[in-house]
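Here's a quick briefing to read with the structure open beside you. We'll begin with charged side chains and work outward from there.

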Amino acid sequence: MFSWKALQKNKTVRYGVPMMLLIVGGSFGLREFTQIRYDVQKIKRKMDPSLEAHVNTERQAGLLQEEYQKLQEVKLDEWRNIRGPRPWEDSKDYQEQQRSRQSPEA
């Protein structure tokens, strides 16, 4: 039906078929390599115990109690709002001004 020389001269057979094979084969190859990547990550992944406590719902109640105890120890009534230096201000001069303002009060 078709001679070998006629198929070799046909641009679709010469360029199109290898291109389609490359695209389809590359798709399957990439799928396999990405699956290997995710399988390895699943095997190697070990969760940090503190992060695992946040994820684990049974342990969250205990974690909340610990955080509540930490908040009870903090004295929230005795805080001071201290402004930090602006980017255009010299931080050492500003710190000296803050210390001089605080020393007479103490």
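E67 sits at 40% relative accessibility in this predicted model, so E67 counts as partly exposed, falling between the 20% and 50% cut-offs. Its partner is K70: the two form a salt bridge, with the closest N and O atoms 3.6 Å apart. Below, the rest is sorted by topic.

**Salt bridges**

- E67 and K70 both belong to helix α4, which covers residues 57-73. They are three residues apart there, so about one helical turn separates them.
- Side chains of opposite charge can pair when their charged atoms come close.
- The count for the model comes to two salt bridges.
- R31 and E32 also pair up, their side chains meeting in a salt bridge at 3.4 Å, N to O.
- How accessible are R31 and E32? R31 is partly exposed, with a relative accessible area of 48%, and E32 is partly exposed too, at 44%.

**Helix α2**

- Helix α2 takes in residues 11-44, which makes 34 residues.
- Does its length agree or disagree with what you'd expect from 1.5 Å a residue? The expected span is 50 Å and the end C-alpha atoms are 49 Å apart, so the two agree.
- At the N-terminal end of α2, N10 acts as the cap. One of its side-chain oxygens lies 3.2 Å from the backbone nitrogen of T12.

**A nonpolar patch on the surface**

- Which residues form the nonpolar patch? They are M19, M20, L22, I23, V24 and F28.
- Together these residues have about 620 Å² of accessible area.
- Take M20, one of the patch residues: M20 lies in helix α2. Its relative accessible area is 51%, and because exposed means over 50%, M20 counts as exposed.

**The chain as a whole**

- What secondary structure does the chain have? You'll find five helices and zero strands, and read along the sequence the pattern is α-α-α-α-α.
- The chain has 106 residues, and buried ones make up 4% of them.
- About 10700 Å² of the chain is exposed, and carbon and sulfur atoms supply 58% of that area.

Methods
Residues numbered from 1 in each chain as written. Predicted model: local features only at pLDDT ≥ 70, side-chain atom pairs only at ≥ 80, totals over all residues. Heavy atoms only, no water. Helix = DSSP H or I, 4+ residues; strand = E, 2+ residues; numbered from the N terminus. Expected span 1.5 Å × (residues − 1). Polar contact = N/O pair within 3.5 Å; in protein donor to acceptor, adjacent residues only side chain to side chain. Patch = residues over 30% accessible without salt bridge, like charges linked within 9 Å, V, L, I, M, F, W, Y side chains within 5 Å. Areas by Shrake-Rupley, 256 points an atom, 1.4 Å probe, with all protein chains shown as cover. Salt bridge = Lys/Arg side-chain N within 4 Å of Asp/Glu carboxyl O. Buried < 20%, exposed > 50% of the residue type's maximum accessible area, 1.4 Å probe, protein only.
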